[in-house]
Amino acid sequence: MIKYLLLFFFTLLSAQDYPVFSKQELEQINQTSAISKNRILDYKKNMGIFQKYPKDKQLQKINFYLNGLLPQYDDITKHKQDDWATPKDFLKIGYGDCEDYVIIKYYSLINLGFNEKKLFLTIVKENFKGGYHMVLSYFKKEGIAPLILDNLSFKILDLHKRKDLKAQYFINSTGVYTISKNFKLTKIAQKYKEFEELKLKVTNND
């Protein structure tokens with residue numbers, strides 16, 4: 001029994017500490033950029049503060065806090081398009097493309113105790129602009145429009161209120177889905193290549 005309690009306690013600590021930066025890593029980061037080190041420490045401090053809030057407020061806090069980091073597109077920051085950064089990379093760099101915001105929000109909410117099965121990286125079509133974008137969807141209740149966390153908006157709205165967006169694909173560790181008009185998800189694939197590559201990097205603490 002004690003063994004299982006210790007394992008559970010260690011799991012909680014690991015979740016709260018994610019992403020993990022060793023003392024040596026922080027020292028190396030500080031040598032390159034003190035701003036990056038301070039950003040990492042500030043994120044860790046705020047994650048500890050957010051733990052105390054109820055779930056609805058945690059959503060608001062995470063969305064507002066991470067949206068405060070300015071966006072910059074992958075072809076500028078990494079010289080290639082659609083590179084999915086881990087939360088660790090995102091914090092070191094300090095900015096990213098839309099999917100980078102979604103990814104760090106996704107993992108941050110999981111570490112705050114949100115059910116991973118209710119969180120989805122969501123590819124959407126921008127109805128007015130005609131391009132594609134990524135947001136984070138949170139299905140608070142089954143059969144109800146998910147809440148949308150968007151790096152282009154500090155306000156969290158239901159999907160049906162986002163007339164500017166048309167959801168294409170919902171992605172998490174359980175698979176890839178499409179959505180019906182009554183907000184029912186239908187699984188269309190077991191895996192999404194970029195997401196699998198991301199999970200591998202996260203597992204390796206890259």
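This note goes through the sheet of a predicted model, the helices that lie on it, and one pair of packed helices.

1. Basis of the note. The model is predicted, so to speak, throughout: local features need pLDDT of at least 70 and side-chain atom pairs count only at pLDDT 80 or more, while totals for chains, interfaces and linings use all residues. Residues are numbered from 1 along each chain as its sequence is written, and side-chain values use heavy atoms, with hydrogens and water left out.

2. The sheet. Seven strands (E runs in DSSP of at least two residues, numbered from the N terminus) form an open sheet in the order 4-3-2-1-5-6-7, with antiparallel pairing. Two strands are said to pair if DSSP finds at least two bridges between them. Strand 4 (153-158) and strand 7 (185-189) are at the edges and have a single partner strand each, so one side of each lacks a neighbour in the sheet. From one strand to the next, the twist averages 35°.

3. Strand 1 and its partners. Strand 1 (residues 119-126) is joined to strand 2 (residues 132-138) by seven bridges, and the two run antiparallel. Across this pairing, Leu121 stands opposite Leu136, and Ile123 stands opposite Met134. The two strands form a hairpin with five residues between them, and Gly130 in the turn has a positive phi of about 90°. Strand 1 also pairs with strand 5 in the antiparallel sense, over six bridges, and here Val124 stands opposite Ala167. Seven of the eight residues of strand 1 are buried, so this strand is largely enclosed by the rest of the structure; buried means under 20% relative accessible area, with a 1.4 Å probe and protein chains only.

4. Helices on the sheet. Helix 4 (residues 55-67; helices are H or I runs of at least four residues) lies across strand 2, strand 3 (147-150) and strand 4, and runs at about 145° to strand 4. Helix 7 (residues 98-111) packs on the sheet, where it touches strand 1, strand 2, strand 3 and strand 5 (165-172), and its direction makes about 10° with that of strand 2. Angles run from 0 to 180 degrees between N-to-C directions, and axes are lines fitted to C-alpha atoms, for helices over the stretch in contact.

5. Helix 2 and helix 3. The axes of helix 2 (residues 23-32) and helix 3 (residues 34-50) come within 5 Å and cross at roughly 135°. That makes helix 2 oblique to helix 3, oblique being the class left after under 35 degrees (roughly parallel), over 145 (roughly antiparallel) and 65 to 115 (roughly perpendicular). The contact (heavy atoms within 4.5 Å) includes Leu26 and Ile29 of helix 2 and Ile40 and Leu41 of helix 3.

Technical notes
Buried < 20%, exposed > 50% of the residue type's maximum accessible area, 1.4 Å probe, protein only.
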